[in-house]
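Let's take a walk through this protein together, from its exposed and buried residues to its empty spaces. Have a look at the structure first.

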Amino acid sequence: MTPRKIIIDTDPGQDDAVAILLALASPEEIDVLGITCVAGNVPLDLTSKNARIVCELAGRSDVKVFAGCDRPLGRELVTAEHVHGKTGLDGPDLPDPQMPLAEGHGVDFIIEQVRAHSAGSVTLCPLGPLTNIATALQKAPDIAEKVQEIVLMGGGYFEGGNITPTAEFNIYVDPHAADIVFKSGIPIVVMPLDVTHKALVTKSRNDAFRALGTKVGVAVAEMTDFFERFDKEKYGSEGAPLHDPCVTAYLINPDLFQGRHINVEIETQSELTMGMTVADWWRVTDRAPNALFVGDLDADGFFALLTERLARL
């Protein structure tokens, strides 16, 4: 099977870091064309630094990392240091990156890559706010019909929100960008909180990362040790959900996941429900389906895949 060409759009974040590591550890299934960074979990200068730290941790300083948009389309930036720490990658003690940022803007890289490859051969994988993706679609509307698929982490329906009662963080940070993306006509796969909250890093699963005994395995264990303190206190759960690696795992083995092809709209007007993903799970409207909204996963299979692949790095 030919590896799937992807662009990772990200705001690392510990779970973003694990998603990137899983992609770089899976060359048979995934060809990472480059990484574009966006402001989200922490400001852009830190997300673009963190992405390079993760590439170097994986021994992949050859991967191009671009800085993208430093603020949402129409709102002030909201960040999440309360979850991810002041650096966004708190937990392990990792050195500053030696590799430079690639020259140019992340949005331009997305446009260039989609245009340069044959239609239907590039998948966009946003792990943070959708500002870069929406900006690319606004700047180059022609790319919409050329993108193979967008597989993203964002939203929530039955699980509600994690930054407001109704909104998941990535969508809330830039709901106007999300609205553009969901109305683009591009095939979309959504990994909402409804599924990512089932990808819990329990103690035994984290012990398995640490037991790899490698720099990557220990760093991942230390990352999840750090950010799970917030989620365990908040949800009363056994561990923290690994949100973003669900995107990468879906690309490698979609059979681990189950969902429904439904209509998803983004709330952009109400401050009460701003950024809500209004998912027509029960198909009670006549609005046309525009996304595969994932609701369940094989958690044991997910963590087995993740542990096996991280062991390669």
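A residue counts as buried when its relative accessible area is under 20%, as exposed when it is over 50%, and as partly exposed in between. Keep in mind that what you see is a predicted model. Take Y157 as a first case: its relative accessible area is 30%, so it is partly exposed.

**Aromatic rings**

Y157 is also a good way into the rings. How many aromatic pairs are there? The count comes to 8. A pair of aromatic rings is described by the distance of the centres and the angle of the planes. Here are two of the pairs in this model:

| Pair | Centre to centre | Angle between planes | Kind |
|---|---|---|---|
| Y157 and F158 | 5.1 Å | 80 degrees | edge-to-face |
| F209 and F303 | 6.4 Å | 40 degrees | tilted |

The pair of F209 and F303 links distant parts of the chain, with F209 in helix α9 and F303 in helix α12 (residues 299-310), 94 residues apart. Are these two rings buried or exposed? Both F209 and F303 are buried. As for Y157 and F158, they belong to a cluster that ring pairs build together with W281, W282 and F293.

**Around L212**

Just past α9 (203-211) comes a loop that leads to α10 (215-235), and L212 sits in it. L212 has a relative accessibility of 25%, so it counts as partly exposed too. Setting aside residues up to four places away in sequence, L212 touches G217, T307, L310 and A311. L152 is another matter: it is 60 residues from L212 along the chain, and 28 Å separate their C-alpha atoms.

**The nonpolar cores**

In soluble globular proteins, nonpolar side chains tend to be buried together. In this model, the largest nonpolar core has 62 residues, and those touching the most other members are V32, I35, M191, F257, F302 and L306. Which element gives the most to this core? That would be α1, with 8 residues.

F257 is worth a closer look. Leaving out its neighbours within four places in sequence, its contacts are M191, V195, C246, A249, Y250, V294, D296, L297 and F302.

There is also a second, separate core of 37 residues, and V107, I110, L130 and W281 are among its members. Two of those names turn up again in helix α4 (residues 106-116), whose buried residues are G106, V107, F109, I110, I111, Q113 and V114. What do the buried residues of α4 pack against? Their partners are the strands β1, β2 (30-37), β3 (65-67), β4 (122-126) and β5 (147-153), along with α5 (131-139).

**Empty spaces**

Rolling a probe the size of a water molecule over the atoms shows where empty space is left. Here, 2 cavities of 30 Å³ or more turn up. The second largest cavity holds about 30 Å³ of space. Its lining is made of I6, I8, A19, I20, C125, L127, V247 and T248. Elements giving two or more residues to that lining are β1 (4-10), α1 (14-24) and α11 (245-252). By class, the lining of this cavity has 7 nonpolar residues, 1 polar and no charged.

The largest pocket holds about 180 Å³ of space. Around it you'll find L46, K49, N50, I53, T87, L89, D90, G91, P92, L94 and D96. That lining divides into 5 nonpolar, 3 polar and 3 charged residues.

Notes. Residues numbered from 1 in each chain as written. Predicted model: local features only at pLDDT ≥ 70, side-chain atom pairs only at ≥ 80, totals over all residues. Heavy atoms only, no water. 1 Å grid on protein atoms, 1.4 Å probe; cavity = no way out; pocket = protein on both sides within 12 Å on 5 of 7 lines; lining within 4 Å. Points joined across faces, edges and corners; volume = space filled by probe spheres on them. Helix = DSSP H or I, 4+ residues; strand = E, 2+ residues; numbered from the N terminus. Nonpolar A, V, L, I, M, F, W, Y, C, P; charged D, E, K, R; others polar. Core = buried A, V, L, I, M, F, W, Y, C linked by side-chain atoms within 4.5 Å. Buried < 20%, exposed > 50% of the residue type's maximum accessible area, 1.4 Å probe, protein only. Contact = heavy atoms within 4.5 Å. Phe/Tyr/Trp six-rings, centres within 6.5 Å; stacked < 30°, edge-to-face > 60°.
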